[in-house]
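Please take a friendly walk through this model with me. We will look at some aromatic rings, then at how helices sit together, and finally at each chain as a whole.

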Amino acid sequence: MASSGSDSGAQLRAEEDQRQRNILAGQKQVDALFVGFDEPFFKARETAYTKYAVPQLAEQFQDEKRNLSYALARRGLLRSSAQSTLSGKLEDVKNQQLQQIADMGVEQANKLRKDVESSRTGLYSQIQAGLSPTIAKSQALREASAFTQPTAFEPVVNSFADFSKQYMNPYLISQYSQGAGGSSGTPDFASKGGTIKYVNG
Amino acid sequence: MFQLIPLIIGAAMTAAGVGMQAAANENTRKRMNEALDAELDRQRRLQEEASPIVKKSVEQSSPDVAQQQLYSGAAKRKAAYEELQQQRLGSSQPLDKGTAKTVTAASEQKKTQGNLNRAALMGYSEWELQQLIKNMQVANKLGTIAGFAEASASILPYELRDAQGSQANLSGIGSLLQQGGQTSTSYGLSGGSGGYS
């Protein structure tokens, strides 16, 4: 008898409660699907990149090493201090390039990690905007599977180009000039070499 | 002359009407308070849910945690560098065994130091990543809670309106009784002439 007014508030409350349950259920489904994106998954992306890049670097390194050997041999500088200096420099450049590849691998994994998290955020937003848990699940499945697809990596460009231009060629030219009694504008590191010293001759 | 019976009936009806209206008002007030209390309770629970998330997030943004993440990031990078540098690049052989010996000791030290320096620098990337992901996850959780709180609060006016209207019947009957009582009292006071004059 006492109550006769509208119950629109109660209806809205019931609908809101149901909406919140749907959102939580949808988020749980997304989280359950994304649980596979764990440390080993991201590490695998890093490893995939390094496995892709290191052989390319190895090939370029071998080529550069051969170039160095030929250049030294042409000038009669094998087993000289020039060889020792340039070999050391080549080794440094190789190590720096390996660092670069390792960094790129980690960055690939980190980017994937960010993408996964962005995707999760996007799905959460869609669920809150009214996406039903069932549709959210299928969308999450689609997005999750996209992350497991192989990604095309950029090829490793000539990593030792700078070594030839900046170190090997100027150094050998400076050695030749000094050996011939001339002078030249040599890079700083090369000036340490001074005259050619033969070791283990 | 007064007519006693209509006066008594009128007084009784007026009293009943006033009482019913008072009861309706009291019930309305009670229901409105209940709706308000329920909403405040919901908001409080949501706030209690959000508070630890915010607290944890703030703690995870502290300089101490940043230091740990930088350290962990640097260690991870250093391990990655060393793992690759331990690999032999193809059929890599020293150009000359003799010179290689002189090169190795110095370059090993240089390599180790280079790895440490670069790893320390790149450790910041790990810290940024960890903070970014943490913030995204926290924003997701807080966004959900805030959305719930906002939606819940938006329903309260409708619930209050329902509460206000819920006692309309009781109030209406009370009002009718009051009017009837007043009419009956007027009739009794007029001596049954049906008017005041």
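Tyr49(A) is buried, as its relative accessible area is 5%. Its partner Tyr52(A) is partly exposed, at a relative accessible area of 28%. Here buried means under 20% relative accessible area, exposed means over 50%, and partly exposed lies in between, using a 1.4 Å probe and protein chains only.

Before going on, please note that this is a predicted model, in which local features need pLDDT of at least 70 and side-chain atom pairs count only at pLDDT 80 or more, while totals for chains, interfaces and linings use all residues. Residues are numbered from 1 along each chain as its sequence is written, chains are lettered from A and ligands numbered from 1 in the order in which they are written, and side-chain values use heavy atoms, leaving out hydrogens and water.

**Aromatic rings**

Over all chains, the structure holds 5 aromatic pairs. Tyr49(A) and Tyr52(A) form a tilted pair, because their ring centres are 6.2 Å apart and their planes stand at 45°. Rings of Phe, Tyr and Trp (its six-membered ring) pair if their centres lie within 6.5 Å; planes under 30 degrees apart count as stacked, over 60 as edge-to-face and the rest as tilted. Both tyrosines belong to helix 2 (residues 39–74) of chain A, where they are 3 residues apart, about one turn of the helix. Helices are DSSP runs of H or I with at least four residues, strands are runs of E with at least two, and both are numbered from the N terminus.

Phe61(A) and Phe160(A) make another tilted pair, since their centres are 5.7 Å apart and their planes are at 45°. Which parts of chain A does this pair tie together? Phe61(A) lies in helix 2 and Phe160(A) in the loop between helix 4 (133–147) and helix 5 (161–179), so the pair links parts that are 99 residues apart in sequence. Phe61(A) and Phe160(A) are both buried. Phe61(A) also has Lys94(A) over its face, 5.2 Å from the ring centre; this counts if NZ of Lys or CZ of Arg is within 6 Å of the ring centre and within 35 degrees of the ring normal.

Elsewhere, Phe34(A), Phe37(A), Phe41(A) and Phe42(A) form one aromatic cluster.

**Two helices side by side**

Helix 1 (residues 8–34) and helix 3 (residues 81–128) of chain A pack at an angle of about 160°, their axes 9 Å apart. The two helices are therefore roughly antiparallel, a term for angles over 145 degrees. Residues making the contact include Arg19(A) and Phe34(A) of helix 1, and Val116(A) and Tyr124(A) of helix 3. Contact means heavy atoms within 4.5 Å.

**The chains as wholes**

| Chain | Helices and strands | Buried residues |
|---|---|---|
| A | 6 helices, 0 strands | 43% of 201 residues |
| B | 4 helices, 0 strands | 33% of 197 residues |

Among contacts between residues at least 6 apart in sequence, 80% in chain A join residues at least 24 apart. For chain B, that share is 95%.

Arg31(B) is found in helix 1 (residues 4–59) of chain B. Is Arg31(B) buried or partly exposed? Arg31(B) counts as partly exposed because its relative accessibility is 37%. Arg31(B) and Gln167(B) are 136 residues apart in sequence, and their C-alpha atoms are 9.5 Å apart in space.

Conventions. Axes are lines fitted to C-alpha atoms, for helices over the stretch in contact, and angles run from 0 to 180 degrees between N-to-C directions. Angles under 35 degrees count as roughly parallel, over 145 as roughly antiparallel, 65 to 115 as roughly perpendicular and the rest as oblique.
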